[in-house]
Amino acid sequence: MASDSSSVQLQSPTPSHKVKATALYPPIELSTTKVEFSLMPGYNDLGVIAADPFMQKIEIRNTSKKEVKWLLDINSQENKALDEGIFRIYNYNGSLQPGQRHCITIGFCPSYPGNYSIEIPMFINEEKTIRYRVISVTGVIHTSKMIIDPPFVNLDPVPLNTETKVTVQISCINCLSDCKIQVEIPEVEIEDGNWFKPISCEFPEGSSSLCVNGTNKSITCNITFCSFTPISISVDVIFIDQEQNRLKLPISASADNCLLTLYRYIGFHQADQQIVLKTASTSTNYPSDGKVILQPYYSPETSLSSSTLTAFSTVSSYYPDSSPGTTGTSKMDKGSEVSDREFLGATNNWKKLMFFDEDVFCQKVLTAIQVWVSLFGWSNGMNPISIPESLRRIKSCRKGTKTIYDLLNHLSGHHLLGLTANQLLPSDPVECILQLHWHYSTLLVFLRAQGACLAHVKPEFLLEPE
């Protein structure tokens, strides 16, 4: 019986419904409702656009069986582009007989490069309460634009009197005429009040032209940083084209002879450079002044006398093996006294060091800093820390919890102005972030005043990721 009832339900007729609908043709048909103008740079300098503006046309046609009156309402539009004549509308009203066609002319004649747009409502049969159509008009005069890759440069710290270089690519788009660029390099003030330029730029291809005979191209620019005095800078190198368009390239760089600042440089160059102590020995058996310098490893093909040496800090030491009137403390400094076996052994060490793992080296440096700070960085004895987690414990610090401000107070003997131990933060998230930003700004100002090479670090970089 169940199967019979289901078959009956399947055989029941589907109910039918009648729908009445009326299809209406639009009384006026437009060829388009969007008009776009796009001009290359330099067209507004020709002096002919205002007299003979660029034109586009919209064709309209009466598709009904009655006369239709139409109007583009430009008088009620408060638009600067219309008031200044940037867009010009010709034949913006009238009437059409059945089947009749008409062309609406729109002109674009800007005085300055830029982007312009306007929307014009269309009404028919003197009915101004309902918009029949809206015509959108946009126009743009493109400007030439320089592009630098990469958009910013952050150079690793280097020793004093040591060059470090970076290569950037400069290109230009929308250039129609020959374009040469100039470079504006800022001066930097040092501690004695003098000014100098630690950054220099050169074009190895011999040309600074971004466009030749209407063809845009990319050029190479080598940027070199070198300083004879300890500095940490964050400056803008400015590239200027013939139209006086200026493009800034932010550059951060540091020069110092502190080992903690140069740990990464030393890590990369541990295969070809070494730190030695140069002493000027005398006939007496008392210590003499010397210099810690960074110099290349000895090789038979090169001589240390022609190599550039970087001096670190002045120290005193005594080497009983040094003979009177000689300079140097390393076996490799003695040139001819180095045996072939010793030189081959040094060469093998170089090959091992050439496979430098930056992550492993940085982790070793981080571990060493963590151990030293844990043992000697606090006023009340040892305090194990983990970098950077322990130094960011500000938001959730409890009473007695030590922070980076306690560390700096103990090491420098100075309190950071306006910051107190275990200072509570606002509960509101926005106010909390603003307060932390101010904390870190004060911290960076204090560290830079103590000589820290942190010109490239911004307060927001120190905020926790979450």
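**Exercise 1. Find which residues Phe239 is in contact with, leaving aside its neighbours within four places in sequence, and place Phe239 in a core.**

Step 1. Contact is defined here as heavy atoms within 4.5 Å, and with the neighbours within four places in sequence left aside, Phe239 is in contact with Met146, Ile148, Ile170, Ile181, Gln182, Val183, Cys221, Asn245, Arg246, Leu247 and Leu249. The model is a predicted one, in which local features need pLDDT of at least 70 and side-chain atom pairs count only at pLDDT 80 or more, while totals for chains, interfaces and linings use all residues. Residues are numbered from 1 along each chain as its sequence is written, and side-chain values use heavy atoms, with hydrogens and water left out.

Step 2. A nonpolar core is a set of buried Ala, Val, Leu, Ile, Met, Phe, Trp, Tyr and Cys residues joined through side-chain atoms within 4.5 Å, where buried means under 20% relative accessible area, exposed over 50%, and partly exposed in between, with a 1.4 Å probe and protein chains only. The largest such core has 37 residues, and Phe239 is listed with Ile170, Ile199 and Phe225 as having the most contacts inside it.

Step 3. Strands (E, at least two residues) and helices (H or I, at least four) are DSSP runs numbered from the N terminus. Those giving two or more residues to this core include strand E10 (145-149), strand E12 (164-173) and strand E21 (231-240), and the largest share, 5 residues, comes from E21. A second, separate core has 29 residues, among them Ile58, Ile106, Phe108 and Tyr116.

**Exercise 2. Work out the order of the open sheet of 4 strands, and which strands stand at its edges.**

Step 1. Two strands pair if DSSP finds at least two bridges between them; the order in this sheet is E11-E22-E21-E14, and the pairing is mixed.

Step 2. Strand E11 (153-154) and strand E14 (182-184) each have a single partner strand, so one side of each is left without a neighbour in the sheet, and these two stand at the edges.

Step 3. E11 pairs in the parallel sense with strand E22 (residues 246-255) over 2 bridges, and Asn154 stands opposite Ser252 in E22.

**Exercise 3. Follow Met122 to its partners in the neighbouring strands.**

Step 1. Strand E4 (residues 68-72) and strand E8 (residues 114-124) run antiparallel and are joined by 3 bridges; here Leu72 stands opposite Met122 in E8.

Step 2. E8 also pairs with strand E9 (residues 133-141), in the antiparallel sense and over 9 bridges, and in E9 the bridge partner of Met122 is Arg133.

Step 3. Met122 is also one of the residues that Ile28 touches, as are Ile124 and Tyr132. Ile28 counts as buried because its relative accessibility is 1%.

**Exercise 4. Describe the aromatic pair that Phe37 and Phe108 form.**

Step 1. Rings of Phe, Tyr and Trp (its six-membered ring) pair if their centres lie within 6.5 Å, and planes under 30 degrees apart count as stacked, over 60 as edge-to-face and the rest as tilted. The whole structure holds 5 aromatic pairs.

Step 2. Phe37 and Phe108 are stacked, at 5.2 Å centre to centre with 25° between the planes. The pair links distant parts of the chain, since Phe37 lies in strand E2 (residues 34-39) and Phe108 in strand E7 (residues 101-108), 71 residues apart.

Step 3. Both Phe37 and Phe108 are buried, and together with Phe87 and Tyr116 they form one aromatic cluster.
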